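Thanks for making time this morning. I would like to walk you through one structure, beginning with a single aromatic residue and working outward from there.

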Amino acid sequence: MYDEQDYLMISGIQHFLFCRRQWALIHIEQQWQENVLTLEGQYLHEKADQPMIREKRHDRLIVRGLPIHSPTYGLSGICDVVEFIQDPNGVTLAGETGTFLPVPVEYKHGKPKQELSDILQLTAQAVCLEEMLVCDVPKGYLYYHGTKRREEIEITTSLRNELKTKVAEMHQYWERRYTPKVKTGNFCKKCSLQNICLPKLMNVQTVKGYLDRRLRE
(Lines give C-alpha, C1' and ligand atoms only; values in the text may rest on other atoms or scores of the structure.)
Protein backbone atom coordinates (compact mmCIF):
# COMPACT_ATOMS: atom_id res chain seq x y z
CA MET A 1 0.00 0.00 0.00
CA TYR A 2 1.40 3.40 -1.01
CA ASP A 3 0.99 6.73 0.76
CA GLU A 4 -0.99 9.32 -1.18
CA GLN A 5 2.08 11.54 -1.51
CA ASP A 6 3.77 8.77 -3.52
CA TYR A 7 0.93 8.17 -5.97
CA LEU A 8 2.08 8.29 -9.60
CA MET A 9 0.00 9.67 -12.45
CA ILE A 10 -1.82 7.09 -14.54
CA SER A 11 -1.18 9.23 -17.62
CA GLY A 12 2.53 8.68 -17.00
CA ILE A 13 2.25 5.00 -17.95
CA GLN A 14 2.08 6.01 -21.61
CA HIS A 15 5.18 8.19 -21.21
CA PHE A 16 7.01 5.38 -19.40
CA LEU A 17 6.38 2.79 -22.09
CA PHE A 18 7.29 5.23 -24.85
CA CYS A 19 10.57 6.13 -23.13
CA ARG A 20 11.61 5.77 -19.50
CA ARG A 21 13.80 8.85 -19.78
CA GLN A 22 10.90 10.93 -21.10
CA TRP A 23 8.76 9.79 -18.16
CA ALA A 24 11.46 10.72 -15.65
CA LEU A 25 12.06 14.13 -17.22
CA ILE A 26 8.33 14.92 -17.02
CA HIS A 27 7.30 13.30 -13.75
CA ILE A 28 10.50 13.49 -11.68
CA GLU A 29 12.26 16.57 -13.05
CA GLN A 30 8.99 18.36 -13.92
CA GLN A 31 10.08 19.36 -17.42
CA TRP A 32 7.68 19.66 -20.34
CA GLN A 33 7.47 21.08 -23.85
CA GLU A 34 4.57 21.07 -26.28
CA ASN A 35 4.54 19.69 -29.79
CA VAL A 36 1.73 19.11 -32.30
CA LEU A 37 0.94 15.65 -30.96
CA THR A 38 0.64 16.78 -27.33
CA LEU A 39 -1.55 19.74 -28.31
CA GLU A 40 -3.86 17.47 -30.32
CA GLY A 41 -4.12 15.14 -27.36
CA GLN A 42 -4.94 17.99 -24.98
CA TYR A 43 -7.67 19.30 -27.28
CA LEU A 44 -9.30 15.87 -27.50
CA HIS A 45 -9.19 15.38 -23.73
CA GLU A 46 -10.66 18.82 -23.07
CA LYS A 47 -13.77 17.64 -24.92
CA ALA A 48 -13.97 14.43 -22.88
CA ASP A 49 -12.83 15.71 -19.48
CA GLN A 50 -15.73 17.84 -18.31
CA PRO A 51 -15.30 17.22 -14.57
CA MET A 52 -17.96 15.10 -12.94
CA ILE A 53 -20.67 15.75 -15.52
CA ARG A 54 -23.30 13.00 -15.24
CA GLU A 55 -25.56 12.06 -18.13
CA LYS A 56 -28.23 9.35 -18.11
CA ARG A 57 -28.84 7.36 -21.30
CA HIS A 58 -31.27 4.46 -21.15
CA ASP A 59 -29.57 1.73 -19.07
CA ARG A 60 -26.34 3.62 -18.42
CA LEU A 61 -24.99 6.58 -16.51
CA ILE A 62 -22.12 8.43 -18.20
CA VAL A 63 -19.66 10.29 -15.96
CA ARG A 64 -16.90 12.46 -17.41
CA GLY A 65 -13.68 13.51 -15.68
CA LEU A 66 -13.97 11.02 -12.80
CA PRO A 67 -11.03 11.17 -10.31
CA ILE A 68 -9.69 7.69 -9.46
CA HIS A 69 -6.89 6.21 -7.35
CA SER A 70 -5.40 2.97 -6.08
CA PRO A 71 -3.41 2.71 -2.81
CA THR A 72 -2.36 -0.81 -3.85
CA TYR A 73 -0.73 0.29 -7.11
CA GLY A 74 0.13 3.79 -5.92
CA LEU A 75 -1.65 5.42 -8.85
CA SER A 76 -4.08 8.29 -9.33
CA GLY A 77 -5.62 10.09 -12.25
CA ILE A 78 -8.81 11.05 -14.05
CA CYS A 79 -10.93 8.86 -16.31
CA ASP A 80 -11.98 10.59 -19.51
CA VAL A 81 -15.32 8.79 -19.36
CA VAL A 82 -16.79 6.02 -17.21
CA GLU A 83 -19.99 4.39 -18.38
CA PHE A 84 -21.91 2.82 -15.49
CA ILE A 85 -24.10 0.16 -17.08
CA GLN A 86 -27.04 -1.32 -15.21
CA ASP A 87 -26.25 -4.87 -14.17
CA PRO A 88 -27.67 -7.15 -11.43
CA ASN A 89 -24.09 -8.01 -10.40
CA GLY A 90 -23.06 -4.36 -10.13
CA VAL A 91 -22.75 -1.88 -7.28
CA THR A 92 -25.05 0.85 -6.02
CA LEU A 93 -24.34 4.50 -6.83
CA ALA A 94 -25.35 7.53 -4.80
CA GLY A 95 -28.55 9.09 -6.10
CA GLU A 96 -29.25 6.29 -8.58
CA THR A 97 -31.71 3.39 -8.52
CA GLY A 98 -30.40 -0.09 -9.27
CA THR A 99 -26.88 -1.48 -9.55
CA PHE A 100 -24.21 -0.67 -12.12
CA LEU A 101 -20.89 -1.99 -13.46
CA PRO A 102 -18.25 0.61 -14.47
CA VAL A 103 -16.68 0.57 -17.93
CA PRO A 104 -13.79 3.04 -18.47
CA VAL A 105 -13.45 4.74 -21.85
CA GLU A 106 -10.12 6.40 -22.70
CA TYR A 107 -9.87 8.87 -25.60
CA LYS A 108 -6.76 8.97 -27.82
CA HIS A 109 -5.95 11.39 -30.63
CA GLY A 110 -4.20 8.98 -33.03
CA LYS A 111 -4.67 5.40 -34.14
CA PRO A 112 -4.24 2.07 -32.30
CA LYS A 113 -0.61 1.40 -31.37
CA GLN A 114 1.42 -1.78 -31.63
CA GLU A 115 2.76 -1.46 -28.09
CA LEU A 116 0.73 -1.73 -24.89
CA SER A 117 0.94 1.87 -23.66
CA ASP A 118 -2.72 2.79 -24.28
CA ILE A 119 -3.99 -0.60 -23.15
CA LEU A 120 -2.03 -0.54 -19.89
CA GLN A 121 -3.27 2.97 -19.15
CA LEU A 122 -6.83 1.67 -19.56
CA THR A 123 -5.97 -1.36 -17.40
CA ALA A 124 -4.76 1.01 -14.67
CA GLN A 125 -8.09 2.83 -14.76
CA ALA A 126 -9.90 -0.49 -14.45
CA VAL A 127 -7.96 -1.66 -11.38
CA CYS A 128 -8.47 1.74 -9.71
CA LEU A 129 -12.23 1.51 -10.27
CA GLU A 130 -12.23 -2.05 -8.94
CA GLU A 131 -10.43 -1.00 -5.78
CA MET A 132 -12.58 2.08 -5.19
CA LEU A 133 -15.96 0.47 -5.88
CA VAL A 134 -15.17 -3.12 -4.81
CA CYS A 135 -16.38 -4.69 -8.03
CA ASP A 136 -15.07 -6.36 -11.17
CA VAL A 137 -14.17 -4.35 -14.27
CA PRO A 138 -13.69 -6.97 -16.98
CA LYS A 139 -13.44 -4.62 -19.95
CA GLY A 140 -12.95 -1.06 -21.15
CA TYR A 141 -12.76 0.87 -24.40
CA LEU A 142 -10.16 2.93 -26.25
CA TYR A 143 -11.65 5.54 -28.58
CA TYR A 144 -9.25 6.70 -31.29
CA HIS A 145 -9.88 10.07 -32.91
CA GLY A 146 -7.89 8.95 -35.96
CA THR A 147 -10.29 6.10 -36.75
CA LYS A 148 -13.45 7.43 -35.03
CA ARG A 149 -13.89 3.95 -33.56
CA ARG A 150 -13.98 2.28 -30.18
CA GLU A 151 -11.69 -0.66 -29.51
CA GLU A 152 -12.98 -3.05 -26.83
CA ILE A 153 -10.23 -4.19 -24.47
CA GLU A 154 -10.59 -7.20 -22.18
CA ILE A 155 -8.82 -6.55 -18.87
CA THR A 156 -7.01 -9.90 -18.66
CA THR A 157 -4.82 -11.38 -15.95
CA SER A 158 -1.86 -11.00 -18.30
CA LEU A 159 -2.49 -7.25 -18.65
CA ARG A 160 -2.87 -6.87 -14.88
CA ASN A 161 0.45 -8.63 -14.28
CA GLU A 162 2.19 -6.51 -16.93
CA LEU A 163 0.78 -3.36 -15.33
CA LYS A 164 1.98 -4.46 -11.90
CA THR A 165 5.51 -5.01 -13.24
CA LYS A 166 5.71 -1.67 -15.03
CA VAL A 167 4.24 0.33 -12.14
CA ALA A 168 6.68 -1.28 -9.68
CA GLU A 169 9.56 -0.18 -11.95
CA MET A 170 8.12 3.35 -12.11
CA HIS A 171 7.99 3.51 -8.32
CA GLN A 172 11.61 2.37 -8.08
CA TYR A 173 12.72 5.28 -10.28
CA TRP A 174 10.46 7.64 -8.35
CA GLU A 175 11.83 6.61 -4.95
CA ARG A 176 15.41 7.11 -6.16
CA ARG A 177 14.50 10.29 -8.12
CA TYR A 178 16.47 8.68 -10.92
CA THR A 179 16.44 9.79 -14.57
CA PRO A 180 17.85 6.96 -16.70
CA LYS A 181 19.76 7.08 -19.93
CA VAL A 182 18.14 5.11 -22.74
CA LYS A 183 18.94 3.79 -26.18
CA THR A 184 18.07 6.45 -28.75
CA GLY A 185 16.24 5.88 -32.03
CA ASN A 186 13.92 7.37 -34.63
CA PHE A 187 11.19 7.57 -31.99
CA CYS A 188 13.16 10.43 -30.40
CA LYS A 189 12.02 12.68 -33.28
CA LYS A 190 8.41 12.35 -32.06
CA CYS A 191 9.28 13.34 -28.50
CA SER A 192 8.29 16.80 -27.28
CA LEU A 193 11.32 16.81 -24.96
CA GLN A 194 14.08 16.19 -27.48
CA ASN A 195 15.48 19.70 -26.99
CA ILE A 196 15.67 19.09 -23.23
CA CYS A 197 16.76 15.46 -23.38
CA LEU A 198 19.33 16.10 -26.15
CA PRO A 199 19.45 12.43 -27.19
CA LYS A 200 22.48 12.94 -29.46
CA LEU A 201 24.59 13.83 -26.43
CA MET A 202 23.88 10.42 -24.90
CA ASN A 203 25.68 8.78 -27.82
CA VAL A 204 28.90 10.72 -27.42
CA GLN A 205 31.73 10.31 -24.95
CA THR A 206 31.22 11.73 -21.45
CA VAL A 207 33.47 14.47 -20.05
CA LYS A 208 34.88 12.02 -17.51
CA GLY A 209 35.61 9.50 -20.26
CA TYR A 210 37.33 12.18 -22.34
CA LEU A 211 39.52 13.34 -19.43
CA ASP A 212 40.44 9.77 -18.49
CA ARG A 213 41.49 9.05 -22.05
CA ARG A 214 43.61 12.21 -22.30
CA LEU A 215 45.31 11.50 -18.97
CA ARG A 216 46.21 8.00 -20.13
CA GLU A 217 47.69 9.47 -23.29
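Phe16 is buried, with a relative accessible area of 0%, and I should say at once that this is a predicted model, in which the chain has a mean pLDDT of 84 and 78% of its residues reach 70 or more. Over residues 34–41, however, the pLDDT is below 50, although that stretch still has 13 contacts in the model beyond near neighbours in sequence.

Coming back to Phe16, its ring forms an edge-to-face pair with Trp23, at 5.4 Å centre to centre and with 90 degrees between the planes, and Trp23 in turn counts as buried at 1% relative accessibility. With Tyr173 the centres are 6.0 Å apart and the planes stand at 50 degrees, so that pair is tilted. This second pair links distant parts of the chain, since Phe16 belongs to helix H1 and Tyr173 to helix H5, 157 residues apart. Tyr173 is also buried, at 13%, and ring pairs join Phe16, Trp23, Tyr173 and Tyr178 into a cluster.

What, then, has the most contacts inside the largest nonpolar core? That core has 38 residues, and the answer is Ile13, Trp23, Leu66, Leu75, Phe84 and Leu163. Helix H4 gives the largest share, seven residues, while another core of eight residues, among them Val103 and Tyr141, lies apart from it.

Finally, Tyr141 has Arg150 over its face, at 4.9 Å from the ring centre, and Arg177 lies over the face of Trp174, at 4.0 Å from the ring centre.

Terms used:
Residues are numbered from 1 along each chain as its sequence is written. This is a predicted model: local features need pLDDT of at least 70, side-chain atom pairs count only at pLDDT 80 or more; totals for chains, interfaces and linings use all residues. Side-chain values use heavy atoms; hydrogens and water are left out. pLDDT is the predictor's confidence in each residue, from 0 to 100. Contact means heavy atoms within 4.5 Å. A nonpolar core is a set of buried Ala, Val, Leu, Ile, Met, Phe, Trp, Tyr and Cys residues joined through side-chain atoms within 4.5 Å. Buried means under 20% relative accessible area, exposed over 50%, partly exposed in between (1.4 Å probe, protein chains only). Helices (H or I, at least four residues) and strands (E, at least two) are DSSP runs, numbered from the N terminus. Rings of Phe, Tyr and Trp (its six-membered ring) pair if their centres lie within 6.5 Å; planes under 30 degrees apart count as stacked, over 60 as edge-to-face and the rest as tilted. A charge sits over a ring if NZ of Lys or CZ of Arg is within 6 Å of the ring centre and within 35 degrees of the ring normal.
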